[in-house]
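Here's a quick briefing to read with the structure open beside you. Rotate the view as you go and try to find each spot as it comes up.

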Amino acid sequence: MKHYDYIILGAGASGLQLAYYMAMDDFYNEKSILIIDKSKKNKNDRTWCFWETGQGDFDNIVYKTWDTAFIGSSYYNRALHMQPYVYKMIRGIDFYNYILGILNTRKNITLVQEEILSYNDNGNIVTVNTASKTYEADRAFNSLFNMESILTQKKFPVLQQHFIGWYVKTETAVFNPERVTFMDFSVPQKGNTRFMYVLPISPTEALIEYTLFSEHLLPNKEYEEAIEAYLKRIGIGTGTFKILEKERGSIPMTCYDFQKADSKNLIHIGTAGGWTKASTGFTFKNTNEKIKKLIQRIKKEEDFSKLGKKNRFWYYDLLLLDVLYKRNDLGAYIFPSLFKRNRTQMIFKFLEEKTTPSQEIKILFSVTHWEFIKAFLRRIFKQSVS
Ligand SMILES: Cc1cc2nc3c(=O)[nH]c(=O)nc-3n(C[C@H](O)[C@H](O)[C@H](O)COP(=O)(O)OP(=O)(O)OC[C@H]3O[C@@H](n4cnc5c(N)ncnc54)[C@H](O)[C@@H]3O)c2cc1C
């Protein structure tokens, strides 16, 4: 059995970012690092978007950027100017190829393609079992996520950001490639928070995702029929477009304490570590910020627990999720109201958890609804969902 300094379980967004920053830092040159993933990571299985000011570490693989966005609902439509923020898009395949290309040149980093069946931290070392081998390390970083693990508890509501997206090519020019659609609530809500998310690449190409923030997934047919209906509404009938790619996702939205699963030598990262922003599902940028802190902490042998420390933003997210869990139809009111009554830049700052308490009070008051007060009182008097 070979012993490593570190094992990274999963070569997705968080596992590869961790390996990338380790590869870029001389401290880790002498460390042996093993990355295990069951997949070859050779498919464009997802598209990551995030907002950022200035230059980012992955700008060389950014596929498209926008500095104007649209948010719409039955009572409010607005083009949002985001400067100095830029909304950036990275294709999964470009990210995998770029990082794996770097890792493959490093002698101290080993990548294996195997399915992980189990893992254990005995307090001294971590062992990881695949069908054919057992690996061990001083420390391990785990990005394997199992939705079931959070669905069985009742203390925190669990919504999912779930969607199917079609990357389409149309015969005629219909998209405005200068403007991304964050949330278009003009689609029938059917008692949920449902919206279209549109990433236009050119006048004839866009990724269109029918998205819900709700408790239960839909049959595939329902997402796809909604995308078709949306295309029809903008003048793109059946037979006048091609679907070049499809993507689907289900991202957990919850304030559940993911760090409960951590032990002395086994730390959870990415979605499995609770690095998904509970109120939005955004994970990529947050993961980037956490990983940069994590690699400094590993170096200094510091405590990891502060990485996921609860702060006041955790409570804001909790209240929003409590409200949407009870009144899932309210999303079409809450999200447009946030953008209607506040500067776009301030909302981004708030979602990045970089606002001051006085700025947050103003934002919270802009979406005042009786349901928030009820949710607040429920949390004070009874710490559970039901
Ligand atoms: C389609 C899609 C689009 C998204 N878009 C955005 C976005 O625009 N912006 C944003 O911020 N977030 C987005 N997210 C959310 C989040 O950023 C991604 O899910 C991100 O990939 C999470 O990173 P991760 O490392 O936690 O998990 P993953 O990237 O899923 O990595 C986990 C890895 O573990 C491997 N694995 C799992 N089980 C095993 C096993 N038993 N043995 C071995 N390997 C295993 C998987 O193959 C995978 O490579 C999106 C998610 C999806 C699904």
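**Around the ligand**

A backbone N or O atom of Cys-49 sits 2.7 Å from an oxygen atom of the ligand. On its own, the ligand has 980 Å² of accessible area, and the protein covers 87% of that. Keep in mind that you're looking at a predicted model. The chain is split into three pieces: domain 1 (3-62 + 87-152 + 254-308), domain 2 (159-252) and domain 3 (312-381).

**Who touches the ligand**

- Start with the crowd: 30 residues surround the ligand. If you want the closest ones, look for Ser-14, Asp-37, Lys-41, Cys-49 and Thr-283.
- Arg-46 points a polar side-chain atom at the ligand's surroundings too, with that atom 3.0 Å from a ligand oxygen atom.
- Trp-48 also joins in: an N or O atom in its side chain is 3.2 Å from an oxygen atom of the ligand.

**What the shell is made of**

- Sort the shell residues by type and you get ten nonpolar, eleven polar and nine charged.
- Helix H1 (13-23), strand S3 (47-53) and strand S16 (241-253) each hand over at least two residues to the shell.
- Which of these gives the most to the shell? That's S16, with four residues.
- The shell isn't built from one domain: domain 1 and domain 2 each provide at least three of its residues.

**Where domain 2 meets domain 3**

- Measure between the centres of domain 2 and domain 3, taken over C-alpha atoms, and you get 25 Å.
- Eleven residues from domain 2 and ten residues from domain 3 take part in the contact.
- About 890 Å² of area is buried between domain 2 and domain 3, and carbon and sulfur atoms give 71% of it.
- On the domain 2 side, look for Leu-159, Phe-185 and Thr-193, which supply 45% of the area that domain 2 buries against domain 3. No other three residues supply more.

**A closer look at Ala-13**

- You'll find Ala-13 in helix H1, one of the elements that help form the ligand's shell.
- Who does Ala-13 contact, leaving aside its neighbours within four places in sequence? The list is Trp-48, Phe-95, Phe-284 and Thr-287. You've met Trp-48 already, as its side chain has an N or O atom 3.2 Å from a ligand oxygen atom.
- For a sense of scale, try Ala-13 and Glu-215: they're 202 residues apart in sequence, and 24 Å apart in space from C-alpha to C-alpha.

**Backbone details to spot**

- Is the peptide bond from Gln-83 to Pro-84 cis or trans? It's cis, with omega near 10 degrees. Pro-84 itself is in the loop between strand S6 (77-81) and strand S7 (85-91).
- Lys-41 has a phi near 60 degrees, which is a positive value in a residue other than glycine. Look for Lys-41 in the loop between strand S2 (33-37) and S3. Lys-41 is also among the residues closest to the ligand.

Methods: Residues numbered from 1 in each chain as written. Predicted model: local features only at pLDDT ≥ 70, side-chain atom pairs only at ≥ 80, totals over all residues. Heavy atoms only, no water. Near = heavy atom within 4 Å. Polar contact = N/O pair within 3.5 Å; in protein donor to acceptor, adjacent residues only side chain to side chain. Areas by Shrake-Rupley, 256 points an atom, 1.4 Å probe, with all protein chains shown as cover. Nonpolar A, V, L, I, M, F, W, Y, C, P; charged D, E, K, R; others polar. Domains from an automatic or database assignment. Contact = heavy atoms within 4.5 Å. Buried area = accessible area lost by both parts, 1.4 Å probe.
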